[in-house]
Amino acid sequence: MTVATGSDLERLAALRLAAARVPDPEIPVLTIADLGILRDVRFAADGSPEVVLTPTYSGCPATEAIRQDVLDQTRDVDPQVRVVIELAPAWTTDWITEDGRAKLRDYGIAPPRPTRTGPVPVRLGSRPTGAEMADQPARCPRCGSSDTELISQFGSTPCKSLRRCRSCAEPFDEFKSL
Amino acid sequence: MSNSEPVTSFMAESPGAPANADVAAYAIRLGDDALILSHRLSEWSAHAPQIEEDIALANIALDLLGQARSLLSYGGSFSGRSEDDLAYLREERRFTNLQLTELENGNFAVTMIRQLLFSCYQRELYRDLESSRDAQLAAIAAKAVKEVAYHVEHARTWIIRLGDGTELSHDRTQAALETVWPFSHEMFEDDELAHRIADLGVAPLPSSLRPAWLGAVQDILTEATLSLPGDEWKPSGGRKGMHTEGFGYLLAEMQHLHRSHPGARW
């Protein structure tokens, strides 16, 4: 795909389309647009187009792979393109689209519950933990039961925790609220 | 790391370098803390008491490594040094991490006490740094503070389980607390650089973080039926490049590959 003589807006739209299709390497059913980490497509001060990404977690190793994938996908559209990583504003799971949430559920990962604004308080009770503190219960993506328990706050990737369903007894990943 | 691009840091495109040498040195301090504790935690890989815990510690190490990369890339950009230059090519005396972060893992209780004390400190620090006058430090902190909330919860859960567990786990955790506690004081020391940074509105004075930290830690220790140790011995020196005996071994392991094969790529 090439952009011939389109206006600047058309160039950006074409870049956005190409970037938005890039899948997350860890959860390939999701695109980076679904995840909400594709933050902007714009012209930099020097006139070069740039795609702005934000990482999910500070140390997420997928960030480098995503950056390269976006570069590979958008270079065909515009060889001058740059991929820029911006930390602010910090990514939140609230930016995952409705479509993305449905894809996660179908894939067997419980989508993140809405985050609370403000810092996570230290609780004196022994039970509630970071993931437990979200207002809604985590639902089993397999049977839909809300009778689930936390096994570990840290799962197979930085963005997931591990839970177990008490109804169907299956363990499952939940996207952590961040 | 990617295979077709030159191995430059993805942070290299972050806007702007620190405003002055003090801000750069301050960012490197915080980066060193995160880097060294990350390395210590990674030593638990394949050794943790259960597989979920193995994964949890590796995940926390990864969060800290990400924070370290952001902080070191930013701090190093003032003097033209990359994150790799800083992590792999400095000698022991050039590292400015807190001694607490380099303490050897010991038994699991020692590691979890170290996690509790440090994560609670990092939470207070990052909360404050979110409103730093330095935009890049504020951005790094705003991102990291959300991760650290999970680290605090993880440590809190374990300390309560261990402290309020069996007699053996209680005694070991109390002993771990006695071992690590003295090193917590260095987190709140106001040296000259800390004063200059605070005057610039870039970061809080370390001592100002201690009351909130102590309140949070004390609540958890009380629930865990552990008693607060005395404050007699206050070892210090990490910020000046003075380190404990175990640190040299840590660096040897962390740096040897990079030093043996300069410029090596995957």
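Okay, let's start with where the two chains meet: the contact draws 36 residues from chain B and 29 residues from chain A. Bear in mind that this is a predicted model, so everything I show is computed from that.

Which elements of chain B give two or more residues to the side that touches chain A? Those are α2 (51-77), α6 (135-163) and α9 (210-223) of chain B. If you want one to look at on the screen, pick α6(B), since that helix gives the most to this side, with 16 residues.

What about the chemistry of that side of chain B? Its residues split into 17 nonpolar, 12 charged and 7 polar.

Now let's zoom out to chain B as a whole. How many helices and strands does chain B have? The count is 10 helices and 0 strands. So if you walk along the sequence, the pattern reads α-α-α-α-α-α-α-α-α-α.

Next, the overall dimensions. Along the principal axes, the C-alpha atoms of chain B fill a box of roughly 55 × 45 × 30 Å. The radius of gyration of chain B is 18 Å, and that agrees with a compact globule, because one with 266 residues would have a radius of gyration near 18 Å.

Then the inside. Buried residues account for 47% of the 266 residues in chain B. And for contacts in chain B between residues at least 6 apart in sequence, 76% join residues at least 24 apart.

To go back to the contact for a second: on the chain B side, keep your eye on α6(B) and its 16 residues. That's my bit, happy to rotate the model for anyone.

Technical notes:
Residues are numbered from 1 along each chain as its sequence is written. Chains are lettered from A and ligands numbered from 1 in the order in which they are written. This is a predicted model: local features need pLDDT of at least 70, side-chain atom pairs count only at pLDDT 80 or more; totals for chains, interfaces and linings use all residues. Two residues are in contact if their C-beta atoms, placed from the backbone, lie within 7 Å. Helices (H or I, at least four residues) and strands (E, at least two) are DSSP runs, numbered from the N terminus. Ala, Val, Leu, Ile, Met, Phe, Trp, Tyr, Cys and Pro count as nonpolar, Asp, Glu, Lys and Arg as charged, and the others, Gly among them, as polar. The radius of gyration is taken over C-alpha atoms; the globule rule is 2.2 Å times the number of residues to the power 0.38. A residue is buried if 20 or more other C-beta atoms lie within 10 Å of its own, exposed if 12 or fewer, and partly exposed in between; C-beta atoms are placed from the backbone.
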